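Please take me on a tour of this structure in my viewer. Tell me what to select at each stop and what I will find there.

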Amino acid sequence: MSDIVEKTLTALPGLFLQNQSVGGPAGVKASFSSRLGGLVRGITALTSKHEEEKLIQQELSSLKATVSAPTTTLKMMKECMVRLIYCEMLGYDASFGYIHAIKLAQQGNLLEKRVGYLAVSLFLHENHELLLLLVNTVVKDLQSTNLVEVCMALTIVSQIFPREMIPAVLPLIEDKLQHSKEIIRRKAVLALYKFYLIAPNQVQHIHIKFRKALCDRDVGVMAASLHIYFRMIKENSSGYKDLTGSFVTILKQVVGGKLPVDFNYHSVPAPWLQIQLLRILGLLGKDDQRTSELMYDVLDESLRRAELNHNVTYAILFECVHTVYSIYPKSELLEKAAKCIGKFVLSPKINLKYLGLKALTYVIQQDPTLALQHQMTIIECLDHPDPIIKRETLELLYRITNAQNVIVIVQKMLEYLHQSKEEYIIVNLVGKIAELAEKYAPDNAWFIQTMNAVFSVGGDVMHPDIPNNFMRLLAEGFDDETEDQQLRLYAVQSYLTLLDVENVFYPQKFLQVMSWVLGEYYYLLDKDTPEEVLTKLYKLLISDSVSSETKAWLIAAVTKLTSQAHSSNIVERLIQEFTVSLDTCMRQHAFELKHLCENVELMKTLLPVDKSCEDMVVDASLSFLDGFVAEELSQGAAPYKPHHQRQEEKFSQEKVLNFEPYGLSFSSSGFTGRQSPAGISLGSDISGNSAETGLKETNSLKLEGIKKLWGKEGYLPKKEGKTGDETEAPPVPQESIIMETVDQNITKKDQCQVHTQSKEEKEKQLLASSLFVGLGSESTINLLGKADTVSHKFRRKSKVKESKSEETTSAHMTCSYFGSSSEATYEDDYYLDTLQDRGDKELSKFSLNSELLDSESVTELPSVEKLSNCKLSSSPSLFTDNNMEGFHPSQSTAPSVANETSLAASLLEETSEHVHSDLVEVCHNETISVSSYKIWKDDCLIMVWSVSNKSGLKLKSANLEIAPAENFKITEQPGCCLPPTEAGSIKTFQYTVQMEEPFTEGNLSGFINYQMMDTPSVQLEFSINLSLLDFIRPLKISTENFGKLWLSFGNDVKQNVKVSESQAALPSALKTLQQKLRLHVVEIIGNEGLLACQLLPSIPCLLHFRVHGDVLALWFRSSCSPLPDYLLYQCQKVMEGS
Amino acid sequence: MIQAILVFNNHGKPRLVRFYQRFPEEIQQQIVRETFHLVLKRDDNICNFLEGGSLIGGSDYKLIYRHYATLYFVFCVDSSESELGILDLIQVFVETLDKCFENVCELDLIFHMDKVHYILQEVVMGGMVLETNMNEIVAQIEAQNRLEKSEGGLSAAPARAVSAVKNINLPEIPRNINIGRNPDHEPGAC
């Protein structure tokens, strides 16, 4: 055999020479290549993993010697690197070579550099400390005139780059966006995208450049910028709606074949570009009719143009269909898209079938009839040999499950579950089955048996919620007490039978559930003594296959049962055995049981029957121990000190050195260039002198270590804040489809066909009719009307529910002037809410109905001029300086004089007391106009929307809803509701907005929904931009406190900002900051200034700044890590803008 | 985004491993092994998509693979990538390899691992698709090769060079991934 290998390898040198263009003497090259060849040959000739390991270790140690030898040339190093990469790929540690890879990238010529960079990108990761050594090399290469070096540097930056070093290269990469070569521009765009991913704050200011990249004359650069836009739009689609037109135009051009032929792939124009654009459009058009309308044409054309001749056209089609179903629906397009889905589903190619099923799963909620059309294909897919197809089919079925087909679908799922072995699949599927069983179970027996299957298969991998929910369901019961008892009884019986079976091992979780149920509900069997079940539990207790956690569950069950039995031999034996057990936990349980047995009365009160849901009163203060404590104290025991107190005392004894600095001092140096915390200074002194840089970097590393110590306390509150957020329950997705009625037409048709078909076909048909029962065209209409008929057998009667419904009531701010008719609708709504019991809570909702109001207020209110004057004079609380931009009558936004007065009239009285923004119209149509403004109160931000009825007609009703936003907590302010419905009248809605996590800009969107007499209701959407500044308030503190706070904060950011001549003077800069950013000036010392502000509700942020020529050195510190970054950004904006 | 690109042969020996998301060394090896076992189980005539191994990601992630003679090319991507798009990207990658190595085979991947990485870098950069145009990729690689020859002052790589090589419609599987030349395939090897 080795002969053959030998022969194969003798042919190799030719291969190397052919492809590896030779840079130096061919001999050296060949010898090194053959070393790699030798290694590979050696490895392939081996027969066992063990031998391979030995060989590679040998290789590695020889490599180690070579790379560290001083005689090794860079050329040899390059070959060594490739071998190291090979070893590392096989999973062996080659960390000794990492530093040499960096060296190679630093010092080598182009070719060696390339290998060095490759090795670095494969070996290291973003947080690797060695990576810092590469930064200078990257900076140097970015400035190189050699395109290849620049390309290499950009590639490495996009692969791994330490986050804190981004400022060092950012300006260089930004410059590259203007480079004359498109490949450089393209790579620069992707590198910036990478920065956006890992540190979004740092690239905020270059959004405008992204837009330039989007308009780049080269298609490749434009395509690269789409990555960024896709990501940003995914995060916040409302900010980019204005780009919809551009994307549509681009797509039109691509689809129309306007691109160079170069971009064609199998004669399809730029397919990947099309896919990306379609995805972006899908995100933009989601739930937005106006934006969606812009793209209908191009989507139609895409669907039409895609001739099915290649795989990649299917890719485009699939995206098209996805987009059509994502955006605001248009029936023609939906029809075409549905046809396309048909093509996918019916395709003989399995990849396409898979995608077809995926598409069906996606659209099934919008269009359940589509599943009916393809039901036979779906049935076939259930028995497909490919498990992936099968699983996708089950996913589809899962979405269409209802009370009528649940049995068949769950059966299919269980079948699949029994076949699969992958943990991931089991976990996933078990969760779904449990969910369906709980939701739609037709009867007790089925439910318990299904759950038994779930527990025995899902075993110990399933999500812990499943057994917990199951037990809670049994304990809390439903509305009908006898039903509950029957279910519990059935569970007990079924577990007793299961435990009877010999030599079967159940998963631990299942045993735990069983022991809990038996302990709680065995009494339902009405047997005199629980001897029988105790025997079984005892058997399990002494079995080796049971984990100690489960044993604790078992003994708890035994304890509960003992309290019902009078005496039991088994319990006595058990106590005897386990009081000497080596497992301390078991021993404790046994002793407890023993003591309880001695006092039967106590035991009965301790373990009452069927009281698992009762609340327990716990004496948390441990007052019953007071006597004991007093006695001990009187005998001279030391009083108890809490843990932290002891800790403090310990520290105070140990502390010898005073680590606290004596006072606040600001050094006048150290403000060179944008500095990252680690403090490597770049800019003028970028040089190739590696020794010098090395020195600097070690310095900075030390610095960082110290900083972390200092910063520790600064981080703590931030962490707490985060966990606080997480505890809030995520909103339960609203299940938008409740499928109910049987589509009789379809079933009838099926039955007709049955006669003519073979038996096998018949079976399939039968299966189909049982699977697709309850899906039909009517079901969508019945969505709301018949929803109440859904029988959720196991709908939990939980305590939570009551409080929930209270919430819903309060969410509906129904005003007292509701007419009787409106109350009726309200009740309807309310019923629906409690029925669906979710989703709606997400919206704070107003119902306003048609009560007429005399809108005399218009005449009563003062003129706009007066109002603004009054405001300016009465706002000393916020801004000491009266030059604030405040409210100015907005001629531009209010088109007519009449309109203007009415809008102004809508300003709340309260408004005049606080500073507020201009009234801006956010959306309007011929009947209604919605304007909004912000009131910056000292302690919160209030958003006011005023709705005015421009038409001469009465409105029947109007609702304004604000969608919940991720970063905001929105509370409605009651007491300002006026019905807006009279012609020409105005109505205001007022909300308090709190920022939950700092960010620079956010969007608040909502919609107004109104109905005129005799016309269908109309919905208008709007959105409003909120900036961080809206939540910033001055923080009035003394210099002394400033110093204290400054030291206690860990997160800081420094930056030098160039300002114009006029700004350079300290007073003017101060004024700008004070006015625009609402900072409080704490003190001014020479050319330095101290300012403070707080982010509502109370996150302080401090700023130290110094004017030096035309440079403003800003230094922010805060307890909240992103805040300084954000403020800095705002600061820059303000300084540049003014 | 593409999370990882794995190439291994029919025996599970890794031939190209590139992660765009950070995983510890051991986990990387485990992912390669697990992916191999997942893919190996599958016949050639069933679909090219696999959902979530437990190691990479979970339900949001997909494995998209193609099998060429002795090699499996596996791309692990998240939900923001189109399945069929990636499938064709693999094809582009393999065809590019074929062009660059003239009859690519497993041995080329072993002995020119660095080169394969360079080619990949032109197709996918930091997990994002950079270039899908085969001629363009080949032009970039050729520019780099020329650099190797001259080693010196290259001032400009002719971007989008009008290559004489027209994009001839290759059959689905490149003709030249050769089973016979693979040493692992020799009787008794491995």
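Start by selecting Ser948(A) and Ile986(A): in this predicted model, Ser948(A) stands opposite Ile986(A), a residue of strand 9 of chain A. Now widen the selection to the two strands. Strand 6 (residues 941-949) of chain A runs antiparallel to strand 9 of chain A, and eight bridges join them. Next, add strand 8 (residues 968-972) of chain A, which pairs with strand 9 of chain A in the antiparallel sense over five bridges. In that pairing, look for Ile970(A), which stands opposite Val993(A) of strand 9 of chain A. How many of the ten residues of strand 9 (residues 986-995) of chain A are buried? Nine are, so the strand is mostly covered. As you follow the side chains, remember that in a regular strand they alternate between the two faces of the sheet.

**Helix 19 and a contact between chains**

Move on to helix 19 (residues 350-363) of chain A. With 14 residues at 1.5 Å a residue, this helix should span 20 Å, and the distance of 20 Å between its end C-alpha atoms agrees with that. Twelve of its 14 residues are buried, so helix 19 of chain A is largely enclosed by the rest of the structure. Among the buried ones are Ile350(A), Leu352(A), Tyr354(A), Gly356(A) and Val363(A).

**Aromatic pairs**

Now show the aromatic side chains. How many aromatic pairs are there over all chains? The count comes to 22. Select Tyr98(A) and Phe123(A) from these: their ring centres are 5.0 Å apart and their planes lie at 25 degrees, under the 30 degrees that marks a stacked pair, so this one is stacked. Because Tyr98(A) belongs to helix 6 (residues 98-107) of chain A and Phe123(A) to helix 7 (residues 110-123) of chain A, the pair ties together parts that are 25 residues apart in sequence. Both Tyr98(A) and Phe123(A) are buried.

Return to Tyr354(A) and add Phe49(B). They form a tilted aromatic pair, 5.2 Å centre to centre with 40 degrees between the planes. This pair crosses between chains, from helix 19 of chain A to strand 3 (residues 49-51) of chain B. Tyr354(A) and Phe49(B) are both buried.

For a group of rings, select Phe447(A), Phe455(A), Phe470(A), Tyr495(A), Tyr506(A) and Phe510(A), which form one aromatic cluster.

**Charges over rings**

Two more selections pair a charge with a ring. With Arg114(A) and Tyr118(B) on screen, you will find the charged end of Arg114(A) over the ring of Tyr118(B), 3.9 Å from its centre. Then pick Lys432(A) and Tyr398(A): Lys432(A) lies over the face of Tyr398(A), at 5.2 Å from the ring centre.

Another lysine is worth a stop. Is Lys536(A) buried or exposed? Its relative accessibility is 11%, below the 20% limit, so Lys536(A) counts as buried. You will find Lys536(A) in helix 29 (residues 531-541) of chain A. Leaving out residues up to four places away in sequence, Lys536(A) touches Leu496(A), Leu499(A) and Asp500(A).

**Chain B as a whole**

Finally, colour chain B by secondary structure. You should see five helices and seven strands, in the order β-β-α-β-β-β-α-α-α-β-β-α from the N terminus on. Chain B has 190 residues, and 68% of them count as buried. Turn on its accessible surface, which comes to about 6400 Å², with 50% belonging to carbon and sulfur atoms. Of the contacts in chain B between residues at least 6 apart in sequence, 56% join residues at least 24 apart.

How values were computed: Residues are numbered from 1 along each chain as its sequence is written. Chains are lettered from A and ligands numbered from 1 in the order in which they are written. This is a predicted model: local features need pLDDT of at least 70, side-chain atom pairs count only at pLDDT 80 or more; totals for chains, interfaces and linings use all residues. Side-chain values use heavy atoms; hydrogens and water are left out. Helices (H or I, at least four residues) and strands (E, at least two) are DSSP runs, numbered from the N terminus. Buried means under 20% relative accessible area, exposed over 50%, partly exposed in between (1.4 Å probe, protein chains only). Contact means heavy atoms within 4.5 Å. The expected span of a helix is 1.5 Å times one less than its number of residues. Rings of Phe, Tyr and Trp (its six-membered ring) pair if their centres lie within 6.5 Å; planes under 30 degrees apart count as stacked, over 60 as edge-to-face and the rest as tilted. A charge sits over a ring if NZ of Lys or CZ of Arg is within 6 Å of the ring centre and within 35 degrees of the ring normal. Accessible areas come from the Shrake-Rupley method with a 1.4 Å probe; for residues, only the protein chains shown count as cover. Two strands pair if DSSP finds at least two bridges between them.
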